[in-house]
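Visitor: Could you show me how to read a protein model, feature by feature?
Guide: Gladly; let us have it in front of us.

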Amino acid sequence: MDQLSIIVPCYNEEQTVELFYTEVEKMVQYMPDIQTDYLFVDDGSTDRTLEKVKELRVRDKRVKYISFSRNFGKEAAMYAGLEHVSGEYAVIMDADLQDPPMLLPEMLRIIREEQYDSVATRRVTRKGEPPIRSFCARQFYHIMNKISDVELMDGARDYRFMTRKYVNAVLSLKEFNRFSKGIFGWVGFRTKWLEFENQERSAGETKWSFWKLVQYSLQGIVSFSETPLYMASVLGGGMCGVALLAIIFIIVRQLLFGGSAFGWPSMACIVILIGGIQLLSIGILGLYFSKMYLEIKHRPIYIMSETCIDLERKEKTDEIM
């Protein structure tokens with residue numbers, strides 16, 4: 001049989017792990033012709049998430065886990081999960097059940113029968129979200145699609161069903177500053193989108209604050225668009241042109257009428273405006289340089305503290321011998 005690996009990034013999800021496993025198992029029975037296993041990636045949780053996963057493993061040996069030495073972020077957890085699965089198919093799902101398990105059988109059918117390389121999902125509503133957060137999210141996708149060559153679908157989730165070919169393509173991008181929504185689009189291949197209504201968390205609280213979403217958005221813009229750099233250059237050039245015209249105007253007026261070179265408040269405003277634009281441009285450059293700085297260090301994307309995968313491989317090797 002083909003094998004499907006369900007990758008589950010977790011950060012302080014002790015209340016949802018059991019619920020997630022139970023709900024997904026209900027859907028697994030509708031896919032009898034495929035073997036499934038679970039890979040929970042504990043992203044440095046400070047609660048009993050890892051203990052809950054270990055309890056599941058005692059009951060079901062298909063449950064595997066990786067635990068990070070600290071919190072490296074969801075992007076690192078997804079990469080680690082993809083890196084440690086070896087089956088024909090892989091799917092990334094959140095443990096909070098905001099990614100509906102009922103879509104799994106349909107995803108598998110589309111991959112097999114319609115010959116797609118991946119099946120992605122998107123929310124068509126944002127019911128339950130604060131209005132300001134929903135507005136900012138929509139504007140982010142709108143801006144990204146204007147300034148980037150990579151198309152991002154509004155409401156896209158990380159919930160994605162992938163073939164081995166697609167997984168290998170994603171893993172070939174080993175950049176430290178990861179923005180998976182952009183990476184998924186950048187690698188290409190045939191992708192079909194499934195839409196669903198927004199789902200509330202089954203338990204617990206979201207780990208994504210508004211500020212973290214802003215930081216994540218900036219990382220996406222810097223990773224997949226050079227437009228801010230061009231904008232800074234154009235803005236700088238435009239202001240130089242305006243300043244040059246203003247100087248010529250002042251000189252001509254001084255020669256014709258006299259006393260036109262005075263007016264320090266207006267001059268101070270111009271200096272402050274130009275200084276602000278310069279600082280903005282330097283800030284944009286700084287963002288790009290900071291990402292380059294992190295990339296050239298070649299630090300690992302994550303560090304494992306504990307896993308059962310190596311032990312499982314050793315047990316299989318001992319059985320063969």
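What follows is a walk through folding, helix faces, backbone angles, a loop contact and a cavity.

Visitor: What kind of model is this, and what rules apply to the values?
Guide: This is a predicted model, in which local features need pLDDT of at least 70, side-chain atom pairs count only at pLDDT 80 or more, and totals for chains, interfaces and linings use all residues. Residues are numbered from 1 along each chain as its sequence is written, and side-chain values use heavy atoms, with hydrogens and water left out.

Visitor: How many helices and strands are there in the protein?
Guide: Helices (H or I, at least four residues) and strands (E, at least two) are DSSP runs, numbered from the N terminus. Here the protein has eleven helices and eight strands.

Visitor: What share of the residues counts as buried?
Guide: Buried means under 20% relative accessible area, exposed over 50%, and partly exposed in between, with a 1.4 Å probe and protein chains only. Of the 321 residues in this protein, 44% are buried. The exposed surface comes to about 17,800 Å², of which carbon and sulfur atoms supply 61%; such areas come from the Shrake-Rupley method with a 1.4 Å probe.

Visitor: How do I read which face of a helix is buried?
Guide: Look down the axis and take the arc of the directions from the helix axis to the C-beta atoms. In α4 (residues 104–113), the buried residues are L104, M107, L108, I110 and I111. They fall within an arc of 160 degrees seen down the axis of α4, so they line one face of the helix. Their cover includes α1 (17–28), β2 (34–42), β4 (89–92), β5 (118–123), β6 (156–163) and β7 (191–196).

Visitor: Which residues are buried in α2?
Guide: In α2 (residues 49–59) they are T49, L50, V53, L56 and R57. These fall within an arc of 115 degrees, so they too line one face of their helix. V58 and R59 are exposed on the face of α2 turned away from that buried side.

Visitor: Where does phi turn positive outside glycine?
Guide: One case is Q115, with a positive phi of about 60 degrees although Q115 is not a glycine. Q115 sits in the loop between α4 and β5, and at 54% relative accessibility Q115 counts as exposed. Another is N12, whose phi is near 55 degrees; N12 belongs to the loop between β1 (2–10) and α1.

Visitor: How do I judge which parts of the chain meet?
Guide: Use contacts, meaning heavy atoms within 4.5 Å. Among contacts between residues at least 6 apart in sequence, 82% join residues at least 24 apart. For an example, take F72, in the loop between β3 (63–68) and α3. Leaving out residues up to four places away in sequence, F72 touches D43, I301, Y302 and I303. F72 and I301 are 229 residues apart along the chain, yet 7.8 Å separates their C-alpha atoms.

Visitor: And what lines the largest cavity?
Guide: On a 1 Å grid over the protein atoms alone, a cavity is a set of points where a 1.4 Å probe fits but cannot get out, and lining residues have an atom within 4 Å of a point. Grid points are joined across faces, edges and corners, and a volume is the space filled by probe spheres set on the points. This structure holds one cavity of 30 Å³ or more, with a volume of about 40 Å³. The lining consists of E75, M78, Y79, L82, I92, V170, R178, S180 and F184. α3 (74–83) and α7 (180–186) each supply at least two of these residues, and the largest share, four residues, comes from α3.

How values were computed: 1 Å grid on protein atoms, 1.4 Å probe; cavity = no way out; pocket = protein on both sides within 12 Å on 5 of 7 lines; lining within 4 Å.
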